[in-house]
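I sat down with this model today and kept notes as I went. The entries follow the order in which I looked things up.

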Amino acid sequence: MPQNNQFFVFEGIDGSGKTTVSRMVSEALLTKSIPNLWHREPTDSVHGKKIREFLQGKLKLTKEEQIETFIADRECSVNEVILPTLKSGKSIVQDRYYFSTAAYQGRDEEHAADILYKNEDRGFPEPNRVYFLDLSPEEAQERRTSRGGKEEVFDVDSEQARIYQNYLAILPESTIFVDATAELEEVVAFCVEDILKSLEG
């Protein structure tokens with residue numbers, strides 16, 4: 001029996017375009033009468049606000065504190081948004097999930113895998129599809145520079161290279177790698193088409 005609502009996650013390093021793409025994919029699905037909710041992590045919970053302060057450099061958190069705060073925020077995200085939305089029959093198009101926490105907070109590939117297991121052990125729902133907007137750290141850096149705005153704690157080139165390698169190590173085998181250097185409209189159209197196929201089962 002085809003499943004008419006699913007959980008779709010978009011991942012990528014900073015500057016890969018995942019927020020823009022995931023939003024546009026969500027909107028395109030709505031125009032095709034596919035009920036869905038666009039959601040992002042970190043959320044606006046008290047933990048999510050703490051994470052944003054950390055990312056902006058206003059708050060210091062050790063690696064372990066970062067991981068615990070992300071997991072606490074994800075508990076809110078799963079219990080208050082993801083599960084109720086899926087239960088109501090809508091799909092979810094989400095910007096970042098536990099793969100981000102593993103890639104960003106992991107000191108190296110092995111540590112990133114440990115963080116992933118820690119999230120999976122909590123019983124957080126697995127996405128039906130993961131889309132990784134693939135962009136080299138160098139190209140992502142150029143994009144972040146051209147769009148301006150304040151630098152965040154992970155914007156350093158060496159950090160983005162570490163995060164990219166961690167992603168490659170921990171993303172599930174079924175991950176769909178999307179060429180993030182392609183035209184925005186092409187990227188969105190590709191993802192929408194793939195989601196529609198997934199929903200048709």
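**Helix H5**

I started with helix H5 in this predicted model. H5 runs over residues 109–121, which makes 13 residues. From its first C-alpha to its last I get 18 Å, close to the 18 Å expected at 1.5 Å a residue.

What caps the N-terminal end of H5? I find Asp108 there, with a side-chain oxygen 3.2 Å from the backbone nitrogen of Glu110. Past the other end, just after H5, I noted Gly123 with a positive phi of about 80 degrees.

I also checked which H5 residues are buried, and my list reads His111, Ala112, Ala113, Ile115, Leu116 and Asn119.

**The loop before H5**

Next I stepped back to Arg107, in the loop between H4 and H5. Is Arg107 buried or exposed? Its relative accessible area is 52%, so I put it down as exposed, the cut-off being over 50%. Leaving aside neighbours within four places in sequence, I see Arg107 in contact with Lys63 and Arg162. I also took the C-alpha distance from Arg107 to Ile163, and it comes to 8.8 Å, with the two positions 56 residues apart along the chain.

**Asn166**

I moved on to Asn166, which is in helix H7. Asn166 has 2% relative accessibility, so I count it as buried, since the limit is under 20%. Where does the Asn166 side chain reach? I followed it to the backbone oxygen of Ala103, at 3.0 Å.

Then I listed the contacts of Asn166, skipping neighbours within four places in sequence: Ala102, Ala103, Gly106, Asp108, Glu109 and Ala112. Two names there were already in my notes: Asp108 is the residue that caps H5, and Ala112 is one of the buried residues in H5.

**Aromatic pairs**

I searched the whole structure for aromatic pairs and got eight. I looked at Tyr104 and Tyr167, whose ring centres are 6.4 Å apart with planes at 90 degrees, so I wrote the pair down as edge-to-face. This pair links distant parts of the chain: Tyr104 is in helix H4 (residues 98–105) and Tyr167 in helix H7 (residues 157–170), 63 residues apart. Both tyrosines, Tyr104 and Tyr167, are buried.

After that I took Phe132 and Tyr164, and this pair is tilted, at 6.1 Å centre to centre with 45 degrees between the planes. It too links distant parts of the chain, with Phe132 in strand E4 (residues 129–134) and Tyr164 in helix H7, 32 residues apart. I have both Phe132 and Tyr164 down as buried.

Which residues make up the aromatic cluster? I get one cluster of Tyr104, Phe132, Tyr164, Tyr167 and Phe177.

While on rings, I also noted Trp38: the charged end of Arg23 sits over its ring, 3.9 Å from the centre.

**His39**

His39 was my next stop, in strand E2 (residues 36–40). It comes out at 9% relative accessibility, so it goes in my buried column, given the limit of under 20%. What does the His39 side chain join in a polar contact? I find the side chain of Ser77, at 2.8 Å.

Not counting residues up to four places away in sequence, I have His39 touching Ser77, Val81, Ile82, Ile92, Val93, Gln94 and Asp95. I also took the C-alpha distance from His39 to Leu184, which are 145 residues apart along the chain, and it is 20 Å.

**The whole chain**

Last, I zoomed out. I count eight helices and five strands in the protein chain. Reading along the sequence, I wrote the pattern down as β-α-β-α-α-β-α-α-β-α-α-β-α.

How does the radius of gyration agree with that of a compact globule? For 201 residues a compact globule would come near 17 Å, and I have 16 Å for this chain, which agrees. The C-alpha trace spans about 45 × 35 × 30 Å along its principal axes.

Of the 201 residues, 50% count as buried. I closed with contacts between residues at least 6 apart in sequence: 79% of them join residues at least 24 apart.

Note on methods: Residues are numbered from 1 along each chain as its sequence is written. This is a predicted model: local features need pLDDT of at least 70, side-chain atom pairs count only at pLDDT 80 or more; totals for chains, interfaces and linings use all residues. Side-chain values use heavy atoms; hydrogens and water are left out. Helices (H or I, at least four residues) and strands (E, at least two) are DSSP runs, numbered from the N terminus. The expected span of a helix is 1.5 Å times one less than its number of residues. Buried means under 20% relative accessible area, exposed over 50%, partly exposed in between (1.4 Å probe, protein chains only). A polar contact is a pair of N or O atoms within 3.5 Å; within protein, one must be able to donate a hydrogen and the other to accept it, and residues adjacent in sequence count only if both atoms are side-chain atoms. Rings of Phe, Tyr and Trp (its six-membered ring) pair if their centres lie within 6.5 Å; planes under 30 degrees apart count as stacked, over 60 as edge-to-face and the rest as tilted. A charge sits over a ring if NZ of Lys or CZ of Arg is within 6 Å of the ring centre and within 35 degrees of the ring normal. The radius of gyration is taken over C-alpha atoms; the globule rule is 2.2 Å times the number of residues to the power 0.38. Contact means heavy atoms within 4.5 Å.
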